[in-house]
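Work through the exercises below with the structure open beside you, and try each task before reading its solution.

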Amino acid sequence: MEKKSFLEKESTRQIIASLLCILGGIVVGFLVLVLLSVFTKNISFGEAVRGILIILGGPFSSGKNAMFQLGNMIFNATPLIFTGLSVAIAFKTGLFNIGAPGQYLMGAMTSLLVALSIPSSVLPPVIIWILALLAGALAGAVWGAIPGFFKAVLNVNEVIICIMTNWIAANVVSWVFNGSKFINYAETKINFIVKTETNNIATATLGLDRLFSGGSVKSYIDISIFIGILVAIGLNIMMNKTVFGYELKACGFNKNASKYAGMNERRNIILAMAIAGALAAAGAALWCLNGHQDFKWDTYQTLPADGFNGIVVALLGANNPIGVVFSSLFLKYINVGGSNLAANTSFNEYVSQLIIAMIVYFSGFAQYITLMMRSRKKKEK
Amino acid sequence: MDNLEAKTVNENTGNSEYIIELRNITKVFPGIIANDHINLQLRKGEIHALLGENGAGKSTLMSILFGLYQPEEGEILKNGKVVQINDPNDANALGIGMVHQHFKLVEVFTVLENIILGVETTKNGFLSLGEAKKKVMKLSENYGLNIDPDALVENITVGMQQRTEILKMLYRDNEILIFDEPTAVLTPQEIEELMSIMKGLAAEGKSILFISHKLNEIMEVADRCSVLRKGKYIGTVNIKDTTKEELSNMMVGRDVKFVVDKEPAKPGETVLSIHDMCVYDHIHKKDAVHNVSLDVRAGEIVCIAGIDGNGQSEFVFGLTGLEPISSGKVELLIDGKMEDITHKSIRFKNTHGLSHIPEDRHKHGLVLDYSLEENMVLQRYFEPEFQQNGFIKFNDIRTYSEKLIDEFDVRSGQGAITRARSMSGGNQQKAIIAREIDRKHNILIAVQPTRGLDVGAIEFIHKEIVAKRDEGRAVLLISLELDEVMNLSDRILVMYEGEIVGELDPKKTDIQELGLYMAGAKRQGKEG
């Protein structure tokens with residue numbers, strides 16, 4: 001077999017494509033800042049330059065708060081890694097899982113119910129923690145399997161069912177928690193659920209929270225990021241090295257040939273969606289079980305952004321599990337930069353959201369650029 | 001330096017006996033010289049065949065003439081003058097038209113709309129279809145190109161679609177017509193018709209380049225034939241001074257046998273038995289396959305002949321499990337006794353002795369985005385030979401595929417790791433055949449196994465199939481190629497409109513009789 005040179009490798013191409021997208025987004029974002037500085041009286045060009053540098057600096061542009069912000073950034077990236085993996089695995093099987101927000105909500109709800117219903121006096125907290133995580137993932141698996149089932153058995157487009165299940169989930173969550181004993185009346189924030197730490201349930205931090213802190217204020221970081229990375233590595237192995245992954249990808253590439261080869265494509269579609277659902281839900285569970293988070297339960301009008309952003313990070317990470325880890329961290333990094341921009345310059349938070357949106361928008365081109373590079377290669381031939 | 005001399009002469013006189021001349025055309029792709037100093041001269045009013053194996057460089061050469069590629073070296077002359085062809089528009093302006101192997105027609109437009117697309121006549125900004133229609137109908141009468149100008153392309157036969165493509169070229173007043181493997185998609189009757197159309201066009205003064213690797217057609221219709229082999233120009237011969245054997249020798253570089261050497265069949269016990277099988281066609285609301293019963297015994301090649309679209313595809317889908325059958329029974333010899341497999345899964349059939357070379361290699365035969373080696377184990381990846389504890393043994397897959405690639409001469413850019421998508425059609429087909437023939441099987445169902453292959457490869461595949469028969473396997477061949485049917489089979493069953501209308505012995509029948517059965521003009525009684 002011939003060895004391909006580094007530049008000819010598909011993976012290298014995809015990494016380059018993703019980096020180019022990010023660069024494009026940054027350039028356009030910078031242009032927006034410059035335009036604003038030109039048309040707004042009290043903002044100078046220098047402010048625009050400072051602005052883009054703050055965004056690019058992410059948590060590091062906050063000076064002495066850098067470690068604290070970095071800790072929170074890593075913590076917040078974990079659920080995004082999971083929803084990204086969820087979308088990526090479905091993509092590889094030829095399915096578009098736009099149902100990650102609903103699966104996320106079902107996971108959050110179920111894990112919270114388990115974590116708060118079993119008193120820590122009855123079972124050791126770590127057992128409850130594990131039960132809650134597993135229950136959350138299971139709920140997500142069931143929720144994800146629904147569109148999978150409709151697709152496999154009745155050939156209904158999974159996107160339609162996914163969007164429906166999203167809104168059903170949003171309303172189920174509100175309905176289940178409405179008036180329940182789990183609402184946090186004590187802090188008069190009745191839009192939120194009681195923190196799991198009140199039941200002594202919190203993800204282990206191994207001292208990371210002290211390491212990533214700003215003075216005496218600890219960040220939220222815990223070991224969930226390691227769980228995310230391990231799951232990503234596991235999925236990478238599953239997709240590329242196992243019989244199961246071979247089947248899933250074959251179904252994704254060519255359903256007819258998979259049928260011809262005797263694969264059970266219906267079972268594979270349902271399984272892929274169940275795994276995708278379990279992943280999105282596990283991300284939500286890990287966020288809730290951190291212990292210090294306020295889960296907003298009246299969700300009937302909104303869907304969690306991390307669910308949809310899973311699509312973005314999956315595309316930016318070229319549907320590769322390891323790529324998803326990096327693209328999720330990057331997205332959260334830019335997000336922190338965005339908030340620092342609003343906090344430290346004359347640009348308001350809408351501008352920072354706009355810039356982030358630009359970068360996200362450009363990341364959609366990642367696949368397109370890979371294709372372009374491939375066809376250029378062909379033309380040279 | 002013949003060429004130089006010729007060039008001076010041409011430039012001095014300003015006209016040439018050749019309407020198109022390609023000189024020293026060289027086109028290099030990384031790692032391969034697709035065209036190596038190729039010369040081709042097309043006379044006015046002749047039918048010039050371009051013959052070569054799969055991947056010999058025929059398509060590349062025609063793409064250069066049509067402006068799709070730029071050559072590294074060489075020049076193109078029209079009527080003795082050097083011309084530059086940068087894109088298909090330039091080619092059109094020079095009167096060069098092409099009928100591609102896969103038609104470029106808008107399905108939801110009518111025949112007339114397709115013909116005038118891009119060169120519409122308008123009056124005050126509105127289409128004036130009336131005049132265009134008159135011109136098209138006149139052309140169609142002159143050249144005997146029977147079409148229905150108001151029919152939608154999606155509703156007409158492949159043959160009429162091809163005539164539409166030809167009219168497209170004539171409507172644009174093209175005088176040099178390139179036909180890229182035009183007969184690949186046609187039924188025998190349509191091929192006959194096309195041959196006479198081509199002769200008519202040439203008689204009217206059109207010059208035709210006819211790309212093909214079917215020697216019979218070239219012998220019938222062409223005046224001269226140029227042969228390419230592995231990117232090199234081998235020579236040009238006058239058809240009336242040559243033979244099929246000479247042409248194939250030029251093309252392949254060795255003698256090719258057209259008649260398959262085989263001993264008389266020694267049929268053993270029945271391996272596959274089909275009773276009254278029906279497959280329902282939900283689109284046309286009738287049985288696509290109606291009450292088909294047949295037996296295939298070990299050590300014989302049974303061929304189902306028929307014109308495309310007479311239920312052969314549906315029959316195979318029903319038999320292999322790709323489509324459900326509405327009634328009937330299928331039995332397969334498993335471990336020495338016949339077992340009912342009618343409602344068994346495809347996986348069960350695959351692992352209990354049924355091999356299937358599918359009709360559509362892109363739809364069913366291959367996962368195009370998988371590598372060649374991954375495709376080689378498409379039905380076997382889960383077997384202990386290739387997996388352990390759920391993990392795929394890639395090293396063993398590599399060894400196994402390389403063995404097959406070697407045995408079956410599957411050519412590709414990067415060997416076992418080549419994406420199936422990037423391989424040529426002929427080699428994709430060879431890969432599938434390698435996989436299916438090598439798999440443990442009692443019955444091999446081969447649907448048009450040599451479609452798109454050149455004579456060298458066809459000879460090889462036929463030998464392999466006969467070898468499998470002699471090993472005691474049963475072979476069920478479904479073919480549209482009459483030569484293949486007559487050559488390879490031990491028994492011929494003719495399928496017409498979803499039914500078996502006759503059983504023939506290839507030694508006692510001829511193509512004419514076979515054709516009558518295929519066209520539905522003759523049929524045997526049930527007992528026949």
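A residue counts as buried when its relative accessible area is under 20%, as exposed when that area is over 50%, and as partly exposed in between. The model used here is a predicted one.

**Exercise 1. Two loop residues**

Find out whether A:Ala318 is buried or exposed, and decide whether B:Lys230 is buried or exposed.

Solution. Begin with the place of each residue: A:Ala318 sits in the loop between helix H12 (305-316) and helix H13 (321-344) of chain A, while B:Lys230 sits in the loop between strand E11 (224-229) and strand E12 (232-238) of chain B. Next, apply the cut-offs. A:Ala318 has a relative accessibility of 14%, and because this is under 20%, A:Ala318 counts as buried. B:Lys230 has a relative accessibility of 57%, and because this is over 50%, B:Lys230 counts as exposed. Finally, look at the backbone. Most residues other than glycine have a negative phi. A:Ala318, although not a glycine, has a positive phi of about 55°, and B:Lys230, also not a glycine, has a positive phi of about 50°.

**Exercise 2. Two buried glutamines**

Describe the surroundings of B:Gln162 and of B:Gln428, and state which polar partner the side chain of each one has.

Solution. Start with B:Gln162, which is found in helix H6 (residues 158-171) of chain B. Its relative accessible area is 3%, so B:Gln162 is buried. Leaving aside neighbours within four places in sequence, B:Gln162 is in contact with B:Val99, B:Phe103, B:Pro182, B:Leu186 and B:Leu194. The polar partner is found at B:Pro182, whose backbone oxygen lies 2.8 Å from a polar atom of the side chain of B:Gln162.

Now take B:Gln428, which belongs to helix H15 (residues 425-438) of chain B. With a relative accessible area of 3%, B:Gln428 is buried. When neighbours within four places in sequence are left aside, the residues in contact with B:Gln428 include B:Arg361, B:His362, B:Leu366 and B:Met423. Here the polar partner is another side chain, since a polar contact of 2.7 Å joins B:Gln428 to B:His362.

**Exercise 3. Residues inside helices and a strand**

For A:Met106, A:Gly25 and B:Val494, name the element that holds the residue, and then list residues that it touches.

Solution. A:Met106 is placed in helix H4 (residues 100-117) of chain A, and its relative accessibility of 8% is why it counts as buried. Not counting residues up to four places away in sequence, A:Met106 touches A:Ala139, A:Trp143, A:Ala169 and A:Val172. From C-alpha to C-alpha, A:Met106 and A:Val173 are 7.2 Å apart in space, although 67 residues separate them in sequence.

A:Gly25 lies in helix H1 (residues 10-39) of chain A, where its relative accessibility of 0% makes it count as buried. Not counting residues up to four places away in sequence, A:Gly25 touches A:Met358, A:Ile359 and A:Phe362.

B:Val494 lies in strand E23 (residues 491-496) of chain B, and B:Val494 is buried, with a relative accessible area of 0%. Beyond the residues up to four places away in sequence, B:Val494 touches, among others, B:Ala305, B:Ile500, B:Leu514, B:Tyr517 and B:Met518.

**Exercise 4. The nonpolar cores**

State how many residues the largest nonpolar core has, and which helix supplies the largest share of it.

Solution. The largest nonpolar core has 75 residues, and those with the most contacts inside it include A:Leu33, A:Leu133, A:Leu289 and A:Phe347. Its largest share, 12 residues, comes from H11(A). A second, separate core has 57 residues, among them B:Ala431, B:Leu482, B:Leu514 and B:Met518. To look around one member of the largest core, choose A:Phe347: leaving aside neighbours within four places in sequence, its contacts include A:Leu33, A:Leu36, A:Ile43 and A:Glu47.

**Exercise 5. The second largest pocket**

Work out which residues lie nearest the centre of the second largest pocket, and which helix gives the most to its lining.

Solution. The second largest pocket has a volume of about 780 Å³. It is lined by 30 residues, and A:Lys259, A:Glu265, A:Arg266, B:Gly321 and B:Leu322 lie nearest its centre. H5(A) gives the most to this lining, with 4 residues. Sorted by class, the lining has 10 nonpolar, 10 polar and 10 charged residues.

Conventions: Residues numbered from 1 in each chain as written. Chains lettered and ligands numbered in written order. Predicted model: local features only at pLDDT ≥ 70, side-chain atom pairs only at ≥ 80, totals over all residues. Heavy atoms only, no water. Helix = DSSP H or I, 4+ residues; strand = E, 2+ residues; numbered from the N terminus. Buried < 20%, exposed > 50% of the residue type's maximum accessible area, 1.4 Å probe, protein only. Contact = heavy atoms within 4.5 Å. 1 Å grid on protein atoms, 1.4 Å probe; cavity = no way out; pocket = protein on both sides within 12 Å on 5 of 7 lines; lining within 4 Å. Points joined across faces, edges and corners; volume = space filled by probe spheres on them. Nonpolar A, V, L, I, M, F, W, Y, C, P; charged D, E, K, R; others polar. Polar contact = N/O pair within 3.5 Å; in protein donor to acceptor, adjacent residues only side chain to side chain. Core = buried A, V, L, I, M, F, W, Y, C linked by side-chain atoms within 4.5 Å.
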